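Q: I'm new to this structure and would love a close look at its cysteines. Could you walk me through them, and then show me what lies around them in the interior?

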Amino acid sequence: MRLRLRALAFPLTLILLSSWSCGSGPASTKLVVLVVVDQMRGDFLTRFNDLYNGGFKRLLDDGAVFPDAAYRHAVTVTAAGHATIGTGQHPSHHGVVGNTWWNYEMGKDQNCVLDQTASPVGGDGPKASPSTELVETLGDRLKDLDAESKVVGVSWKDRSAILPAGHKADGAYWFSADCGCFITSSYFTKTVPGWLESFNGGKPADRWAGKSWERMIDDEKIYIERAREDAYPTEADGVATTFPHTMPGEVSKAYYNEIDQTPFADELILEAALAAMDGHDLGQDSHTDVLTVGFSGTDFIGHRYGPFSQEAMDQNLRLDLTLGRLLEEIDQRVGLENVVVALTADHGALPLAETVDGKRISSAEIAEIVDSEVRRRMPALDKVVVSVNAGNVYLDVPRIEAEGVAVDEVETAAIAALMNTGEVDRVYAQIDLEGPEPVNDPFWTLHRNSFYKPRSPQLLVLWKPMVYPGGKFGTGHGSAYDYDRHVPVILFGRGVTSGTFPGQAGPEDIAPTVGKLIGVEVPTEPDTRILDEALAKPAK
């Protein structure tokens, strides 16, 4: 019987898992696979569920579905979400508070997986590792118990491959537009694995040159009913807003930078993940292995066109088929009877502001609003904002202190300036989040769970609903509101009871729940839990 979810408003990450215990034999569950569908709102599952015929349909029909699931932290961005899913901990503990954060020693924003001691392997790309992640992932804890278990991460983005896999992963692989190939880091291996060299040697990313992304369903009326008219002024760059979307005919870095704006990216991720699965022999012995797969296309497309665009709809219909292929391939290699699945996402997304009577404000405008008020009150400080990150504000604390001005005085002026815009609900300074929980503030705990003092901004800003602190085109995420926090959580497979389970749940619960299934203890936070109602009762 087909499960019907009520309307959700969230994104999604998929995990295929396996059950394991020390000394387990061949009959034990063999594989854990974490698939993160970046920026996939949960309402896609209900808006399009009768159109799904692949992986989403299989999971909804036979999985344990948690329709009320939501993140318990406020700064809902990719890196924070992926680290939370992998570790079961809040950003306040795992330390990955954003995709970037201000580094005072470097004098610039630091990438969340930057590691100056690491080098790219397999092609040009960033220096990256999981060194900034402060706690262990599920895969790390599994390898603590069984060194023969293997953990591998694959995604389009470096952070999405690295953070869920963790410190002890046998490999993490991501796409680099610098070379048009998948690369890894010297943190994981000093030489290019043979399977990766062979995979890249086939130039799999080049085959879409000159190809067009067309609607999967010929009848545009279906798209208009489920999404909206194709053209919308603030989609994309204001020009390339309608189907078909044609890739450049010449292979170049510009071409590689455009693949992720199409469903072709997720097709390529699937191929890389399957190659990595074969290359590392995952699921082929009695030791439980972990494969994390980050499908990033929904995020790039969602940012560009918005979650209610025809492009977002088509992307999800195509991703359904891609996930179906993933399940089929895993069934052939390992057998789904040996696999457990969990599905969730790293964050949701705000609709295009113009479609919901929302407003836009740029990072430059935010910085000038704060700087101008501080200058008015304290003329010696002409510029105090060093970075605006997801609408939150980093201040130039060394400069402020050098001028003999108290930082809290600058914060007071900055908060007043932000509140005077009329677009801000409240602002949390660091001292607010270090103190006791205030009365009647439903957002304080969410921001506290996002707060790690050495990396967090001085001011965490809760903009009013439907205010997008971003550019003049497209949309984003990063707030404490339901449209950014609500995500589906679905478990599926060995050891899981199918059904719909309403009530409190979140992506933070996945690692400890899967840990219980495979005999690995993953600590819970005070406000997280093991999803026991979805676990099959042992046979008597």
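**The cysteines and the interior**

A: Let's start with a cysteine that stands apart. In this predicted model, the sulfur of Cys 112 has its closest cysteine sulfur in Cys 179, but the two are 19 Å apart, which is too far for a bond. A disulfide needs the two sulfur atoms within 2.5 Å. Cys 112 is also buried, because its relative accessible area is 0%.

Cys 179 does have a partner, though. It is joined to Cys 181 by a disulfide, with 2.1 Å from S to S. A search of the whole structure finds one disulfide. The torsion about its S-S bond is about -90°, so the link between Cys 179 and Cys 181 is left-handed. The two ends are placed as follows: Cys 179 counts as partly exposed, at 22% relative accessibility, while Cys 181 counts as buried, at 7%. The cut-off that matters here is 20%, since buried means under that value.

Now for the interior. The largest nonpolar core has 66 residues, and Val 154, Ile 259, Phe 295 and Ile 330 have the most contacts inside it. Helix 10, residues 264–279, gives the most to this core, with eleven residues. Apart from it lies another core, of 45 residues, and among them are Ala 83, Ile 183, Val 290 and Val 520.

Ala 83 leads us to helix 3, where it is one of the buried residues. Helix 3 covers residues 78–87, and ten of its ten residues are buried, so the rest of the structure largely encloses it. Its buried residues include Gly 81, His 82, Ile 85 and Gly 86 as well. Just after this helix, Gly 88 takes a positive phi of about 75°.

Finally, there are some enclosed spaces to look at. The count comes to four cavities of 30 Å³ or more, and the largest cavity holds about 210 Å³ of space. It is lined by 21 residues, of which Ala 390, Trp 463, Pro 469, Gly 478 and Ser 479 are the closest to its centre. Strand 18 (459–463) gives the most to this lining, with three residues. Strand 19 (467–468) and helix 18 (482–485) each supply at least two residues of the lining too. Sorted by class, the lining has 13 nonpolar, six polar and two charged residues.

Conventions
Residues are numbered from 1 along each chain as its sequence is written. This is a predicted model: local features need pLDDT of at least 70, side-chain atom pairs count only at pLDDT 80 or more; totals for chains, interfaces and linings use all residues. Side-chain values use heavy atoms; hydrogens and water are left out. Buried means under 20% relative accessible area, exposed over 50%, partly exposed in between (1.4 Å probe, protein chains only). Helices (H or I, at least four residues) and strands (E, at least two) are DSSP runs, numbered from the N terminus. A nonpolar core is a set of buried Ala, Val, Leu, Ile, Met, Phe, Trp, Tyr and Cys residues joined through side-chain atoms within 4.5 Å. On a 1 Å grid over the protein atoms alone, a cavity is a set of points where a 1.4 Å probe fits but cannot get out, and a pocket is an open set with protein on both sides within 12 Å along at least five of seven lines; lining residues have an atom within 4 Å of a point. Grid points are joined across faces, edges and corners, and a volume is the space filled by probe spheres set on the points. Ala, Val, Leu, Ile, Met, Phe, Trp, Tyr, Cys and Pro count as nonpolar, Asp, Glu, Lys and Arg as charged, and the others, Gly among them, as polar.
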